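Work through the exercises below with the model open beside you. Try each task before reading its solution.

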Amino acid sequence: MTARNPLLASPPFAVEDSLVRLGQRLRTARLRRNLTVAEVGKKIGAGSRAVGDAEKGKPSTSVAVYAALLWAFDLIRDLDAVADPSHDVEGIALAKRQSRIRARQTGGLDNDF
């Protein structure tokens with residue numbers, strides 16, 4: 001018997017809400033392009049069920065399916081901004097605060113006698 005993943009059973013509200021909104025946006029993109037679920041599934045190499053699950057925002061859907069759908073709708077460039085370290089204000093502040101300061105300079109011997 002396989003263990004159930006609590007994240008998939010009841011993800012945090014913010015995660016679940018974001019996935020649902022992403023799924024709705026993907027569905028809107030598909031409908032605006034006048035494509036069926038089957039056509040999109042064929043284009044990305046996945047089944048209709050995987051596309052439908054992504055459009056419903058199911059947390060068990062692979063991130064590869066979400067990324068492939070973004071690619072299929074020519075929206076993949078927007079994925080590059082996700083978790084960009086240069087935009088991580090909190091992480092940058094923590095890194096600066098925790099960085100080590102060397103007590104002495106490193107370097108070789110000098111020739112000053």
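The exercises that follow concern a predicted model.

**Exercise 1. Describe how helix 2 and helix 5 pack, and name the residues in contact.**

Solution.
- Step 1: Locate the two elements. Helix 2 spans residues 13–32, and helix 5 spans residues 63–72.
- Step 2: Take the geometry. The two helices pack at an angle of about 30°, and their axes are 11 Å apart.
- Step 3: Give the hand. Helix 2 and helix 5 cross in a left-handed way.
- Step 4: List the contact residues. Helix 2 contributes L19, L22 and L26, while helix 5 contributes Y66, L69 and L70.
- Step 5: Sort them by class. The contact of helix 2 with helix 5 has six nonpolar residues, no polar ones and no charged ones.

**Exercise 2. Find the buried residues of helix 3 and say where they sit around its axis.**

Solution.
- Step 1: Look along residues 37–44, which form helix 3.
- Step 2: Pick out the buried residues: V40, G41 and I44.
- Step 3: Check their directions. These residues cover an arc of only 100° around the axis, so they lie on the same side of helix 3.
- Step 4: Recall the general rule. An α-helix has 3.6 residues a turn, so residues three or four places apart point the same way.
- Step 5: See what covers the buried residues of helix 3. The cover includes helix 2, helix 4 (48–56) and helix 5.
- Step 6: Move past the end. G45 follows helix 3 and has a positive phi, near 80°.

**Exercise 3. Place D74 and A83, give their phi values, and decide whether each is buried or exposed.**

Solution.
- Step 1: Start with the general expectation. Most residues other than glycine have a negative phi.
- Step 2: Compare D74. It is not a glycine, yet its phi is positive, about 60°.
- Step 3: Do the same for A83. A83 also has a positive phi of about 60° without being a glycine.
- Step 4: Place them. D74 is in the loop between helix 5 and helix 6 (89–98). A83 is found in the loop between helix 5 and helix 6.
- Step 5: Apply the cut-off: exposed means over 50% relative accessible area. D74 has 53% relative accessibility, so D74 counts as exposed. A83 has a relative accessible area of 72%, so A83 is exposed.

**Exercise 4. Is A9 buried or exposed, and how far is its C-alpha atom from that of S60?**

Solution.
- Step 1: Find A9 in helix 1 (residues 6–9).
- Step 2: Read its accessibility. A9 has a relative accessible area of 61%, so A9 is exposed.
- Step 3: Relate A9 to S60. The two are 51 residues apart along the chain, and their C-alpha atoms are separated by 8.9 Å.

How values were computed: Residues numbered from 1 in each chain as written. Predicted model: local features only at pLDDT ≥ 70, side-chain atom pairs only at ≥ 80, totals over all residues. Heavy atoms only, no water. Axes fitted to C-alpha atoms, helices over the stretch in contact; angles between N-to-C directions. Helix = DSSP H or I, 4+ residues; strand = E, 2+ residues; numbered from the N terminus. Left-handed = near helix turned anticlockwise from the far one by under 90°. Contact = heavy atoms within 4.5 Å. Nonpolar A, V, L, I, M, F, W, Y, C, P; charged D, E, K, R; others polar. Buried < 20%, exposed > 50% of the residue type's maximum accessible area, 1.4 Å probe, protein only. Arc of directions from axis to C-beta.
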